[in-house]
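I opened this one up to practise reading strands, helices and turns. Here are my notes, in the order I looked things up.

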Amino acid sequence: MSRKLLLLLCFVIAAPAQAALEVTVTGGDAAPLPIALVQFAPNPDVPLDVAQVVENDLVRSGRFKALPRSSMPERPTSPQQINHASWRGVGIDNLVIGQIGKSATGYYVRFFLLDTAGNGSQLLGYDLPAKSPDQMRTVAHQIADLIYEKLLGIPGYFNTKIAYVAANGFGPARSFQLVVSDADGEAPRIVATSREPLMSPSWSPDRTKLAYVGYERGRSAIYVHTLATGKVQRLVSEKGINGSPSWSPDGSKLAVTLSFENNPDIYVIDVASNARKRLTDHYGIDTEPSWSPDGSKLVFTSDRGGQPQVYEISVGGGDPKRLTFEGKQNLRPSYSPDGQSIVVVNADGGRYRIGLINLATGSLRIVSDGPQDESPQFAPGGAVIIYATQGRAGGAELATVSVDGRVRTRLRQAGDVREPAWSPIVR
Amino acid sequence: MSKNVLIATMVVLAVAASGCASSKKKSTPTAAPESYGSSAPATDVYGGAAQIGSSPSDSAIAAERALSNNVVYFEYDSSDISAEGLEVVGRFASYLSANPASRVRLEGHADERGSREYNVGLGERRAKSVESALLSKGVGQDQLSLLSYGEERPAVPGHDEAAYAQNRRVQIIRQ
């Protein structure tokens, strides 16, 4: 018994770094684009297989099919070495090659995207710098973004981050961590840890800060964490609920839920001055605000009609307008990057699934299977939705689905992971 | 007793010796120094007069037994208190009225269905429902504080109605 306890304690206390999320992909485009990424000429200081990271990003998007390395006719690392006919022979038009080298200021990756059908015409050619070998993962995601945008005409979303909440243990032994990882689940970093719940991470538009909810001494609070410095500011901790922070598109304000004046209502807080404006005033629960991309209005959840449904309100206030009518409940709304649709949790027949609502027509399209899906949000670019779901083993996992429903991924690890927040793209 | 101390000491020593306790460098902005409310031992167990004697009186033990059930349960998406819940509330109302210096925290909880922040709202609505019931029975406002955890601290694991029924609750925690 004492031995078991000892092991348990060691595990809890020692758990050194957050494990990377394991990613699996299902589905894909009916006709994904064939591409070949030859391993880049290595540098002895750089252990990372950069071309493999680029390949994983592209393949997980569901839009690309990569030629296995074992099927490659040759291993060129510079354009002069390429026999274009041999690549056309294995059905490859788009070929990526490159080299990792050392420069005066650190390291670089030189890569080329070549059109073998056009006899090697260069579609992309870049030297991307890295100060140190540990920045190579970021460089790989930058390369994936460049290739994705060049070949598909829409911005890539690979050089981004995901914040999420990991929970372990049960009852008094429960612990919570706020984690930030690369969008592929790698390079996880613990931002905050607590024995009390951590909730609702929200990225500042410039990606330098995270707002989130924590509990301290019998109260909840909204914190703003500056990632580069680790500085934590307690923005608001009123009596009652302090929840649902959502950053305005210009980064100057946070929409939040506070209940100190009576019951949960939506407020807008100016981050610099801490000045506060009450946006809703209703005896129902008003919560989960989220800004439109142009910053002119917000969507939120309210049960003012009896059941929780989604409403829209101008940032100047006024009467909220109900947006959802299909399903017993609709909750936790947020806009697509183009502002044309919202993603919600739709509850019907006891199942909680992710729904997409076209704002022009009001039509609802369900894109997940449930039964317990929550916290949906568009990835930057708007091609993919991330959400939390219940895994087969009963634990919470993260999942993504392309807006057309074809490509699905799961991101999981040993403990519960939930409440994903996808960072903006910063150029 | 000595065995327990021995085990505890072994654990502490072993943890220290094995370098397990090396995770201090993580930032802990919201690390709560006190343990989770419902697991904390009540310090003011017997209230005023009963503590004078060297051993608790029979009536104090009876009072304590009456307060051992400190959970009010709720139906799905509801904050209505059942008859059973009203009995729990009634016993705490008597205790708090007889002990005006004592305080409780009403912790509201929801089951895992629905969105997390809406469930925080629902947990608060349940805590307020218990608060109103206590106030109507003469308990002082300053004896009560509210905190909603939403679905973040389930009482039992599991993803079925039996588990959900246990998790939709207000716990009355003596401070």
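My entries below start with chain B and then move to chain A.

**Entry 1: chain B overall**

First reminder to myself: this is a predicted model. I counted the elements of chain B and got 5 helices and 4 strands. Reading from the N terminus, I wrote the order down as α-α-β-α-β-α-β-α-β. Then I checked burial, and 34% of the 175 residues in chain B are buried. I also looked at contacts in chain B between residues at least 6 apart in sequence, and 70% of those join residues at least 24 apart.

**Entry 2: two helices in chain B**

How do helix 3 and helix 4 of chain B cross? I found that helix 3 covers residues 83-98 and helix 4 covers residues 116-136, and that their axes come within 9 Å and cross at roughly 50°. That angle makes helix 3 of chain B oblique to helix 4 of chain B. The crossing of these two helices is right-handed.

Next I listed who touches whom. From helix 3 of chain B I noted Leu86(B), Val89(B), Phe92(B), Ala93(B) and Leu96(B), which meet Val130(B), Ala133(B) and Leu134(B) in helix 4 of chain B. Sorting the residues of this contact gave me 8 nonpolar, no polar and no charged.

**Entry 3: a four-stranded sheet in chain A**

Over to chain A, where I traced an open sheet of 4 strands in the order 9-8-7-30, with antiparallel pairing. Its edge strands are strand 9 (189-194) and strand 30 (416-422) of chain A, and each pairs on one side only. The twist averages 20° from one strand to the next.

A reminder from class: strands of a sheet pair through backbone hydrogen bonds, either parallel or antiparallel.

I zoomed in on strand 8 (residues 175-182) of chain A, which is joined to strand 9 of chain A by 5 bridges, the two running antiparallel. One pair to click on is Phe176(A), which stands opposite Ser194(A) in strand 9 of chain A.

The loop between strand 8 and strand 9 of chain A holds Ala187(A). I flagged Ala187(A) for its positive phi of about 55°, although it is not a glycine. Is Ala187(A) buried or exposed? I'd call it partly exposed, because 14 other C-beta atoms lie within 10 Å.

**Entry 4: two hairpins around strand 19 of chain A**

Strand 19 (residues 297-302) of chain A is mostly covered, with 5 of its 6 residues buried. I looked at the strand before it: strand 18 (residues 286-291) of chain A runs antiparallel to strand 19 of chain A, with 4 bridges joining them. Here Asp286(A) stands opposite Ser302(A). Strands 18 and 19 of chain A make a hairpin with 5 residues between them, and in the turn Gly295(A) has a positive phi of about 75°.

On to the other partner. Strand 20 (residues 309-314) of chain A pairs with strand 19 of chain A in the antiparallel sense over 6 bridges. Phe300(A) has Tyr311(A) in strand 20 of chain A as its bridge partner. This pair of strands is a hairpin too, with 6 residues in between and Gly306(A) in the turn at a positive phi of about 110°.

I went back to strand 18 of chain A for Glu288(A). Its phi is near 60°, a positive value in a residue other than glycine. With 33 C-beta neighbours inside 10 Å, Glu288(A) counts as buried.

**Entry 5: a five-stranded sheet in chain A**

Last stop: an open sheet of 5 strands in chain A, in the order 1-29-28-27-26, with antiparallel pairing. Strand 1 (22-27) and strand 26 (374-378) of chain A are the edge strands, each pairing on one side only. I noted a twist that averages 20° from one strand to the next.

At one edge, 6 bridges join strand 1 of chain A to strand 29 (residues 407-412) of chain A, and these two run antiparallel. Thr26(A) stands opposite Arg408(A) in strand 29 of chain A.

At the other edge, 5 of the 5 residues of strand 26 of chain A are buried, so this strand is largely enclosed by the rest of the structure. Strand 26 and strand 27 (residues 384-390) of chain A pair in the antiparallel sense over 3 bridges. They form a hairpin with 5 residues between them, where Gly381(A) in the turn has a positive phi of about 95°.

Final find: the peptide bond from Gly370(A) to Pro371(A) is cis, with omega near 5°. I placed Pro371(A) in the loop between strand 25 (364-366) and strand 26 of chain A.

How values were computed: Residues are numbered from 1 along each chain as its sequence is written. Chains are lettered from A and ligands numbered from 1 in the order in which they are written. This is a predicted model: local features need pLDDT of at least 70, side-chain atom pairs count only at pLDDT 80 or more; totals for chains, interfaces and linings use all residues. A residue is buried if 20 or more other C-beta atoms lie within 10 Å of its own, exposed if 12 or fewer, and partly exposed in between; C-beta atoms are placed from the backbone. Two residues are in contact if their C-beta atoms, placed from the backbone, lie within 7 Å. Two strands pair if DSSP finds at least two bridges between them. Axes are lines fitted to C-alpha atoms, for helices over the stretch in contact, and angles run from 0 to 180 degrees between N-to-C directions. Angles under 35 degrees count as roughly parallel, over 145 as roughly antiparallel, 65 to 115 as roughly perpendicular and the rest as oblique. A crossing is left-handed if the near helix is turned anticlockwise from the far one by less than a right angle, and right-handed if clockwise. Ala, Val, Leu, Ile, Met, Phe, Trp, Tyr, Cys and Pro count as nonpolar, Asp, Glu, Lys and Arg as charged, and the others, Gly among them, as polar.
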